[in-house]
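Hi,

Here is the structure I promised to pass on to you. Have a look at it first, and then read on for what turned up when I went through it.

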Amino acid sequence: MGLFNRKSKASVDSASVTSKTSRTTTNIQSPPPNKTMSGHSFFPPPSTADIPLPPPPNPDLDPAGYLRSIHAVRDRSRLIHEKAKKNQLIHFDVDLTKFEETATYIVSIIKRDFAPEYHTIPPHGRWQHFDVGGRQRIDQLLASWPSQIDAQERTRRLLDLFLVSVLLDAGAGTRWSYKSKESGKTYRRSEGLAVASLEMFKAGYFSGDPTEPYQVNAAGLDRLSVGQLAIGLQVSQANPLAGMEGRASLLANLGGALRNPKYFGSTSRPGNMLDYLLSHPSTQAASVPIIMIPTLWSVLIDGLASIWPASRTQVAGISLGDAWPCSSMPSPPGARPWENIVPFHKLTQWLCYSLMGPMSRLLNIQFAGVDLLTGLPEYRNGGLLIDTGLITLKPADAKIGLDAYRNNAMVRGQPCMEVVPLFSTDDDVVVEWRALTIGFLDDLLIEVNRLLKLEGADKLSLAQMLEAGSWKGGREIAEVSRPITKQPPIMILSDGTVF
C-alpha cells in the first residue's frame with residue numbers, strides 16, 4: 001500500500017535512482033543513430049511541417065471512423081487530462097507538485113546517456129530493441145543479404161519482420177526469458193521478444209516458402225501453430241510467456257488480413273505496404289518521398305482491423321480495437337453513447353513508430369504529421385507517473401486491485417511477491433490511467449525541453465523523449481521500486497493483444 005501513498009513519503013531522489021539503475025540496466029541504453037547499409041541517416045531533414053494533412057472523419061457523421069483515427073487519441077484523452085489538472089478524476093489523485101520532479105527524473109536519465117549529444121537520440125521504435133546489448137543485429141542482417149537485393153526489397157523484408165515483432169511485443173511477464181541461439185545470451189521483456197522474433201524470422205518461421213525464409217506472408221502464418229510459436233519463443237511450463245494464446249491469435253488473424261491485395265499485394269506480405277504507400281496519391285514525390293502519417297495509419301488501422309479480438313468495443317457494429325469506455329469522460333446532457341469512449345490504439349501507434357525506421361533509414365523516406373502520434377499509453381510510461389508520485393491510485397481502488405492480486409496469486413505460476421494492485425485491460429482504472437499517461441507525456445515533453453535548454457529545431461521530439469527518457473525511466477524506476485519482479489506499480493491482466 002505504501003507505493004500508493006507517495007504524498008506521505010519523501011520525494012523521489014532522481015539522482016539516486018539514476019545512479020542505481022545505471023549499473024543494472026546498461027543493456028537497454030539506446031544506441032546513437034549510425035549510418036546504415038544504405039548510407040542514409042536515421043533522421044530525415046525536418047521539412048514536412050507545412051504540408052497540409054487530411055482531417056479526421058466527422059464524429060457526427062462517422063463516429064466509428066473518428067474513434068479509429070489517430071486524431072481521436074489525443075483529442076479524447078485531453079478531456080480526461082483536463083480533469084486531472086483539476087484533480088477531479090474517479091480513480092486517481094493528482095499531485096501537480098510532483099510534476100517538475102517527474103520531469104527532472106526524465107532529464108537525469110537523458111543526460112546520463114546522451115548529454116550533450118541530444119540530437120543523436122533515435123526516435124522510439126522497435127529497431128533499438130533488436131540492437132540490445134550493443135549488437136547491431138539489423139545491420140548485420142542487411143549485410144548478410146546478397147548485393148542484388150535492392151533497397152526496396154530490403155525495406156519490405158524489414159517491414160515484414162518489424163510488423164510481426166511488434167505484434168508479439170506485448171508484456172512478457174516477469175518469468176519469461178529467451179536464450180539467443182546465436183550468442184547464447186539471455187534476454188527478457190521487449191528485447192527478448194525482439195531477439196526471439198528476429199531469430200524466428202531468419203529461420204523462416206513466418207514464411208510459406210522454405211526457399212525464401214526472410215519474409216512474412218499469409219501462407220507462412222497459416223501454418224504457424226500455437227505449439228510452433230511456443231517452440232520458437234522457448235515457452236514452457238518453467239518459462240511461461242504472459243498472453244501466449246493472444247499473441248498466437250493475432251498472428252493467425254494477421255494471415256487472413258494480409259490477403260488484401262490493396263495494401264499487401266498479390267504475395268500477401270506486410271512489406272508490400274511500401275508499394276502502396278509510395279504510389280498513394282497523397283505521397284509527395286519531391287527529392288525524397290514524403291508519406292503522410294494518416295496514410296500509413298489507414299494501412300494499419302484498416303488493413304489490420306480484422307486481427308483484433310471481436311469482443312472489443314464497437315460502435316454501429318464496427319469494432320474499434322484498442323478503445324474503451326471511461327467513466328471519467330464528460331457526460332453532458334444529450335451526450336451520445338460513443339462519447340464516453342477513449343481510443344488508444346497502442347499497438348498500431350507502436351507499429352507506426354517502428355515501421356517508419358526502416359523506410360527512413362533505407363529509402364530516406366520522410367513522414368508528414370508525425371506529431372499526430374501520441375506517447376504510448378502503456379505501463380512503463382504510465383508506471384513512471386505513479387512511481388514518481390505524480391498520480392496516486394485512490395484507496396478504494398487500491399484495495400480492490402490488491403484483493404485481485406492476492407486472488408490471482410493463488411493461481412499456479414502467477415506472481416506472488418512485491419504485491420501491487422491488479423486490474424484487467426478493460427477496467428475503468430486502467431482506461432483512466434492510460435488516458436492520463438498520454439496527456440502528461442505531452443506536458444512533460446515541454447518541461448523536459450525547458451530543463452535541457454533546448455529550443456527551436458534542437459528540441460527533442462516526443463518520440464525521442466519516449467526513447468531516451470520516459471519509457472526507459474519507467475522501467476528503471478520500477479526496477480528500483482520492486483527489485484525482485486521489476487514489475488510496474490499496477491499489474492495488468494493482459495491477453496497479449498494490447499500491452
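Let me start with the enclosed space: the count comes to 4 cavities of 30 Å³ or more. Please keep in mind throughout that this is a predicted model.

The largest cavity has a volume of about 180 Å³. It is lined by 17 residues, and those closest to its centre are Asp169, Ser190, Glu378, Tyr379 and Trp471. Which elements give two or more residues to this lining? They are helix 8 (189-202), helix 15 (346-363), helix 16 and helix 19 (462-481). Sorted by class, the lining of the largest cavity holds 7 nonpolar, 4 polar and 6 charged residues.

Next, an open site. The second largest pocket has a volume of about 680 Å³. Its lining is made up of 27 residues, of which Ala172, Gly173, Thr174, Ala242 and Met491 are the closest to the centre. Helix 16 (379-387) and strand 13 (491-493) each supply at least two residues of that lining, and strand 13 gives the most, with 3 residues. By class, the lining of the second largest pocket divides into 12 nonpolar, 10 polar and 5 charged residues. Helix 16 is worth selecting in your viewer, as it supplies residues to the lining of the second largest pocket and also to that of the largest cavity.

Helix 19 comes up again through one of its residues, Gln464. Is Gln464 buried or exposed? With a relative accessible area of 10%, Gln464 falls under the 20% cut-off, so it counts as buried. Its side chain reaches the backbone nitrogen of Ser461 at 2.9 Å. Leaving aside neighbours within four places in sequence, Gln464 is in contact with Tyr118, His119, Ile121, Pro122, Pro123, Lys459 and Gly469.

Now for some backbone geometry that you may want to check before setting anything up. Most residues other than glycine have a negative phi, and most peptide bonds are trans. Here are the exceptions I would point you to:

- Ala115 and Pro116 are joined by a cis peptide bond, with omega at about -5°. Pro116 sits in the loop between helix 4 (99-114) and helix 5 (126-130).
- Asn87 is not a glycine, yet its phi is positive, near 55°. This residue lies in the loop between helix 3 (70-85) and strand 1 (92-94). Asn87 is partly exposed, with a relative accessible area of 35%.
- Ser268 also has a positive phi, of about 55°, although it is not a glycine. Its place is the loop between helix 12 (261-264) and helix 13 (273-279). At a relative accessible area of 12%, Ser268 is buried.

Finally, a word on confidence. The protein averages a pLDDT of 89, and 89% of the residues score at least 70. Where does pLDDT stay under 50? That happens over residues 1-46, for which the model nevertheless has 104 contacts beyond four places in sequence. Where pLDDT is low, the predicted coordinates should not be read in detail. I would therefore treat those 104 contacts of residues 1-46 with care, as pLDDT stays under 50 there.

Happy to talk any of this through once you have had a look.

Best wishes

Notes
Residues numbered from 1 in each chain as written. Predicted model: local features only at pLDDT ≥ 70, side-chain atom pairs only at ≥ 80, totals over all residues. Heavy atoms only, no water. 1 Å grid on protein atoms, 1.4 Å probe; cavity = no way out; pocket = protein on both sides within 12 Å on 5 of 7 lines; lining within 4 Å. Points joined across faces, edges and corners; volume = space filled by probe spheres on them. Helix = DSSP H or I, 4+ residues; strand = E, 2+ residues; numbered from the N terminus. Nonpolar A, V, L, I, M, F, W, Y, C, P; charged D, E, K, R; others polar. Buried < 20%, exposed > 50% of the residue type's maximum accessible area, 1.4 Å probe, protein only. Polar contact = N/O pair within 3.5 Å; in protein donor to acceptor, adjacent residues only side chain to side chain. Contact = heavy atoms within 4.5 Å. pLDDT = per-residue confidence, 0-100.
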